[in-house]
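Please open the model in your viewer and keep the selection panel within reach. We will go from one selection to the next, pausing at each to see what is there.

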Amino acid sequence: MTSTTPAMPKARKRRCRTRTPNVNQRPPIIASELRANQIDLTPAKEHLVCPDCSTWVPITGMLGTPKLVPHHTGRAGAAEPRRCTAGSNRQVTIDVEADTWRTELIEAVPTIASRRATKVLPKPKVQPAPAASQITPSPLSAERVRRAFRQHEQQCPACKGEAVGRDGQPLPCRDGQRLAVTFLRLYRQEPQRQAVREFFARERRRFDRQYAAAAPEKRMSEWAAVLPKVKDTDARRAQLPAGDAPLESVVPLTTLHPQRPAR
Ligand SMILES: [Zn+2]
Ligand SMILES: [Zn+2]
């Protein structure tokens with residue numbers, strides 16, 4: 001977190017969820033068309049990235065007609081605060097369950113790093129972003145989820161079995177369960193995914209081999225195709241021009257293979 005120096009110009013403070021009857025006339029933003037890292041459906045903290053100004057903006061009216069609050073563009077500190085006219089009060093169609101969104105988000109871990117809250121709005125608290133060293137553009141593997149689960153387990157009293165409810169039973173942990181479910185699913189799919197990867201590699205190699213084998217043959221057939229034309233041209237070149245032979249020079253007939261004059 002960086003702290004702003006007092007000298008920096010700041011956008012005027014807004015209430016987090018301004019309530020206004022105004023509604024933007026543009027078609028609503030469809031939640032399911034956003035990527036998991038462009039929306040935050042954490043209950044009571046719903047935000048999304050305004051498509052018009054790329055700023056994290058709170059969604060208001062979740063129980064009735066959800067819409068984006070009036071907001072500034074994310075330029076605070078860099079330029080004059082400017083109202084996002086296109087995106088303020090724009091309606092949002094929430095057609096994604098928070099649970100589904102969270103699962104998607106967990107599976108899209110590498111992209112979380114690209115999230116940056118603006119200075120105007122507080123960054124919504126969601127999954128802790130992984131350390132830079134943990135981010136690799138490789139596909140999510142069961143092993144990586146297992147490590148994430150271990151890491152979570154070490155910090156989570158519920159998953160360690162130390163948190164007990166009033167009935168003496170260990171408390172369940174939804175985050176831990178979700179990680180475990182994702183791990184099991186990937187673990188089950190791993191052999192199949194490996195097989196698919198091998199299949200692709202094998203087909204690629206086969207194609208390359210076929211292509212290499214076909215190359216000389218292709219050249220031959222290309223030659224064969226132009227051969228009649230070449231012969232034709234040669235034959236015409238060998239013909240004597242009609243009419244009288246030029247007086248001052250003789251048409252050479254044996255240019256290509258001159259013979260030494262006999263001694
Ligand atoms: Zn906006
Ligand atoms: Zn847990």
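## A tour from loop to core to helix

Begin by selecting T65, which counts as exposed because it has 12 C-beta neighbours inside 10 Å, and a residue with 12 or fewer is placed in that class. Bear in mind throughout that this is a predicted model. T65 sits in the loop that runs between β4 and β5, the latter spanning residues 67–68. Now add I94 to the selection: although T65 and I94 are 29 residues apart along the chain, their C-alpha atoms are separated by 9.4 Å.

Next, select L68, and ask which residues it touches once those up to four places away in sequence are left out. The contacts of L68 are C50, V57, I59, G87, S88, N89, R90 and V92.

L68 also leads us to the largest nonpolar core, which has 15 residues, and in which L48, C50, V57, L68 and V92 are those with the most contacts. The elements that give two or more residues to this core are β3 and β4, and the largest share, 3 residues, comes from β4. As a general background, nonpolar side chains tend to be buried together in soluble globular proteins.

From the core, move to two loop residues with a backbone feature in common. Select S54, in the loop between β3 and β4 (56–60), and you will find a positive phi of about 55 degrees, although S54 is not a glycine. S54 is partly exposed, with 15 other C-beta atoms within 10 Å. Then select A44, which lies in the loop between β2 (39–40) and β3 (47–49); A44 is not a glycine either, yet it has a positive phi of about 70 degrees. A44 is exposed, as 6 other C-beta atoms lie within 10 Å.

For the last stop, select helix α3, residues 142–155, whose 14 residues reach 20 Å from the first C-alpha to the last, close to the 20 Å expected at 1.5 Å a residue. Which residues of α3 are buried? Colour V145, A148 and F149, for these are the buried residues of α3. They cover an arc of only 100 degrees around the axis, and therefore they are on the same side of α3. Among what covers these buried residues is α5 (174–238), so display that helix as well. Finally, turn the view to the other side of α3, where E143, R150 and Q154 are exposed.

Terms used: Residues numbered from 1 in each chain as written. Chains lettered and ligands numbered in written order. Predicted model: local features only at pLDDT ≥ 70, side-chain atom pairs only at ≥ 80, totals over all residues. Helix = DSSP H or I, 4+ residues; strand = E, 2+ residues; numbered from the N terminus. Expected span 1.5 Å × (residues − 1). Buried ≥ 20, exposed ≤ 12 C-beta atoms within 10 Å, placed from the backbone. Arc of directions from axis to C-beta. Contact = placed C-beta atoms within 7 Å. Core = buried A, V, L, I, M, F, W, Y, C linked by C-beta atoms within 7 Å.
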